[in-house]
Structures are given as C-alpha cells and as structure tokens.
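This report goes through one structure, from a helix to a metal site and the strands around it. Please keep the sequence and the 3D view at hand while reading.

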Amino acid sequence: MEITEIIIAGDTPGVEWRLPVFRFKGTKPEAPRTYVQAALHANELPGTALSHFLLGKLRRADAEGAILGDITVVPQANPIGSAQSHFGELQGRFDLGSRTNFNRDFPLISLGERDGLVEDLDRYSATDRLKRQLLHMALGAELVLDLHCDDEGLQYAYINEAFWPEAADLAAALDMKAVFLSDGESSAFEEAVGHAWKNEDKSRKKTSLPGRLSVTVELRGTRDVYPATASKDADGVWQFLLARGVVFGARTDVPAFSGKAVPLDNIEMIRAPAAGAILFHRDIGESVHAGDLLATILAKPGTPEGAIEVRAPQDGLIVTRVSTRFARRRSDLMKIACEEPSRAVRKPGTLEA
Ligand SMILES: [Zn+2]
C-alpha cells in the first residue's frame with residue numbers, strides 16, 4: 001500500500017489543501033481497477049467511516065497477496081468543504097466561495113481527454129482543481145464508488161441505467177433497500193464518470209457499459225455514523241470487490257437484491273405546501289398508500305385551519321426524510337419510491353446527491 005497526498009494550492013495566500021490517497025497495486029493486470037471516494041459532500045461521513053474499515057481489510061489482503069486489481073481509496077475527498085465551519089455548523093455541501101454544489105460542475109469530457117484534466121491546473125480555482133484531480137483518479141478505474149448519505153435515509157443508490165441490472169450485486173452486497181435508476185444527465189461526479197465512458201468513442205455513444213460501474217451510494221443519513229454500520233458496509237464493499245474479481249478470498253452468501261429499483265421519474269419528492277413546524281406521521285422505511293397522512297405543517301399554530309396536511313400522492317416506500325423540523329414553503333420533506341411515474345416535473349439528473 002502506498003499513501004500519497006495531493007496538494008492543492010488555496011485561492012488565498014498561505015493556504016493549501018492536502019488530500020490523502022491510498023493506493024493498492026493489484027497482482028492481476030486484467031482485474032478491474034477500483035476507485036472509492038467518500039465525503040465529497042464534506043458533512044456526509046458514513047462513507048469516511050466505511051473507508052476506515054475497508055482500508056483495514058485491504059491492508060490485510062495486501063499483506064496476503066489477495067489484491068488482484070488496483071484499488072484507490074480517498075476517505076475524505078473534500079478538505080475544502082471540511083474546513084467550512086460557519087456559525088458552529090459545517091457547510092460541506094456547497095463551496096462558499098462560488099456557491100456551487102461540490103457534487104456538480106464536474107467536467108463532462110470523453111475518456112480520451114482524461115489527461116487534460118490535470119494539465120495547466122494553475123488556471124483553475126482550488127475547488128475546480130480538486131474536482132479535476134478526483135475525476136482524473138476515477139477515470140483510471142472501471143469501478144467507481146462515490147460514497148454519500150442523505151439527511152435521514154435508508155441505504156440506497158443512484159445508479160445509471162447503463163449499469164443496471166449488472167450493478168444489482170453492489171445493491172445486494174450493501175443491503176440496499178432501494179435503487180434510483182438515473183438517466184445520467186447532470187454534472188454530478190458519478191455522472192461525469194459515466195459520461196466519459198459513454199463518449200469514449202466519439203462517433204458512437206454507448207448506452208450500456210458492461211464490466212464498469214459508477215455509482216452514488218447513499219449510506220443512510222448524516223447522523224448514521226457508527227462502528228457497527230460502517231464495518232457492515234465495509235464488509236458489503238468487500239463482498240462486491242470479491243464478486244467482481246478485484247480481491248481474492250472466501251465469499252459469503254449474499255442474498256439477492258430485493259429492494260425497489262425505480263426510475264427517477266417514479267420518485268415522489270414530497271414538498272411542504274407552506275412554511276411551519278413539521279409534524280411527521282410516517283418514517284423512512286415505511287410503505288405508504290395513496291392518501292396516507294405523511295406530515296402536518298403547522299403554518300399558523302394555534303388555529304385549526306393553520307394545520308396543513310400533507311398526503312401521499314401514490315403508493316410507495318419512504319426512502320428519505322429531512323432532519324429539520326421547520327419547513328419553508330416548497331422545501332423537500334421526503335422522497336418516496338413509487339411504482340408509477342410522478343406527475344410532478346423534475347429536472348434531469350440526480351435528485352440531490
Ligand atoms: Zn452527498
């Protein structure tokens with residue numbers, strides 16, 4: 001194992017960011033190469049905890065010669081975001097300088113243009129340098145896991161249709177309760193990786209990418225950072241690496257993925273009709289029927305007409321819920337995975353990862 005640091009010059013004098021990268025060299029050149037990163041949204045730590053336990057396993061495997069394909073792990077992918085503590089709260093999702101989401105605005109290039117990502121880096125801001133370095137590492141692999149989490153959430157993932165159903169092995173290994181099948185039309189990290197692969201051959205865009213995977217994994221909620229879940233999740237990634245021939249060892253029987261796999265069009269984003277305190281009646285993991293009461297918004301507390309009911313538009317599984325108990329008008333309350341497409345309009349690409 002080799003630990004290196006990518007050094008990114010800050011945008012102001014006296015500042016530089018250091019990004020530790022763990023690399024394991026595989027013994028089998030034809031085995032898939034893997035890239036795992038966590039906490040690109042710097043306040044989403046379940047993946048960092050997973051990486052800690054996974055790196056322990058990989059170090060042991062390395063000592064036994066059981067690593068077949070090259071593996072790169074970046075347990076804390078966003079030192080810039082990690083430092084953004086404002087008024088006592090970590091602001092890890094948006095770059096405060098440019099107001100951009102750390103998981104958007106990745107360059108949409110073809111695989112052949114990979115080397116250009118790290119050329120003339122002086123032309124870019126620290127955040128863009130970071131993004132270019134991360135994407136450059138990912139494009140050196142065939143299996144890419146970008147580890148995130150939701151606010152309050154079940155274990156789920158955004159997986160591009162080009163990787164499905166092959167990627168059901170990852171969903172099974174990580175015991176996911178749902179998979180959101182995305183259409184690859186945003187500039188999120190995972191989708192920028194998919195974009196480069198799909199456009200590898202400029203004359204013919206690929207629609208299916210066998211043997212490859214780029215995925216945004218949502219490891220439950222921001223507060224779900226515990227030794228037991230992190231170690232279980234690291235075991236899950238290990239099982240996935242075994243299944244894909246990246247590492248060698250005894251496989252355990254992983255039950256097949258039995259969660260819901262639904263296109264993004266079938267996700268009902270439940271929004272608050274008015275501002276006010278949120279009283280949730282239903283929790284993540286619950287199946288609901290059309291018309292079920294999900295939440296009451298206390299728009300005008302103390303008046304009977306000021307308690308506004310929010311009901312399920314159709315049957316489905318509650319996958320996520322916000323952790324705040326104050327809603328602004330039209331703010332998100334829940335994501336529900338449903339059998340039928342939602343009638344609400346949605347922007348292309350990953351919902352919120
Ligand atoms: Zn995220």
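Which residues are buried in α5? In this predicted model, the buried residues of α5 are Phe189, Glu190, Glu191, Ala192, Val193, Gly194, Ala196, Trp197 and Lys198. Helix α5 covers residues 189–198, and 9 of its 10 residues are buried, so the rest of the structure largely encloses it. The packing partners of these buried residues are β3, α3 (126–138), β7, β9 (155–160), β10 (178–182) and β11.

**The loop after α5**

Arg212 sits in the loop between α5 and β11. Its relative accessible area is 18%, and buried means under 20%, so Arg212 counts as buried. Apart from neighbours within four places in sequence, Arg212 contacts Leu111, Glu142, Leu143, Phe163, Glu166, Trp197, Glu200 and Arg244. Of these contacts, Trp197 is also one of the buried residues of α5.

**The zinc site**

The zinc ion takes its protein donors from His41 (ND1), Glu44 (OE), Glu44 (OE) and His148 (ND1), at 2.0 to 2.6 Å. Along the chain, these donors have the spacing H-x2-E-x103-H. His41 belongs to the loop between β3 (34–38) and α1 (46–63), while His148 belongs to strand β7 (residues 143–150), so the two histidines tie together parts that are 107 residues apart in sequence. Both His41 and His148 are buried.

The angles among the 4 donor atoms run from 54 to 143°, and the site is irregular. Four donors count as tetrahedral if all angles lie between 85 and 135 degrees; the range of 54 to 143° goes outside those limits, so the tetrahedral label does not apply.

**Strand β7 and the other strand pairs**

Strand β7, which carries His148, is mostly covered, with 8 of its 8 residues buried. One side holds Leu143, Leu145, Leu147 and Cys149, and the other holds Val144, Asp146, His148 and Asp150. β7 pairs with β3 and also with β11 (residues 213–221).

Elsewhere, 4 strands make an open antiparallel sheet in the order β17-β16-β14-β19. Its edge strands, β17 (307–311) and β19 (326–327), each pair on one side only. Within this sheet, β14 (residues 276–280) is joined to β19.

The table sets out three of the strand pairs.

| Strand pair | Sense | Bridges | Residues standing opposite |
|---|---|---|---|
| β3 and β7 | parallel | 5 bridges | Thr34 and Leu143 |
| β7 and β11 | parallel | 7 bridges | Val144 and Ser214 |
| β14 and β19 | antiparallel | 2 bridges | Gly276 and Ala327 |

**Helix α6**

Helix α6 has 17 residues (227–243); at 1.5 Å a residue it should span 24 Å, and its end C-alpha atoms are 24 Å apart, which agrees. Its buried residues are Ala230, Asp233, Ala234, Gly236, Val237, Trp238, Gln239, Phe240, Leu241 and Leu242. Gly245 follows α6 and has a positive phi, near 75°.

**The annotated domain**

An unreviewed UniProt entry lists residues 31–241 as "domain: Succinylglutamate desuccinylase/Aspartoacylase catalytic". Over that range the chain is 31% helix and 20% strand. The end C-alpha atoms of residues 31–241 are 10 Å apart.

How values were computed
Residues numbered from 1 in each chain as written. Predicted model: local features only at pLDDT ≥ 70, side-chain atom pairs only at ≥ 80, totals over all residues. Heavy atoms only, no water. Donors = N, O, S within 2.8 Å, 3.2 Å for Na, K, Ca; no water. Tetrahedral: all angles 85-135°; square planar, octahedral: opposite > 155°, others 65-115°. Buried < 20%, exposed > 50% of the residue type's maximum accessible area, 1.4 Å probe, protein only. UniProt positions renumbered as here; feature names shortened; annotations may be inferred. Pairing = 2+ DSSP bridges. Contact = heavy atoms within 4.5 Å. Expected span 1.5 Å × (residues − 1).
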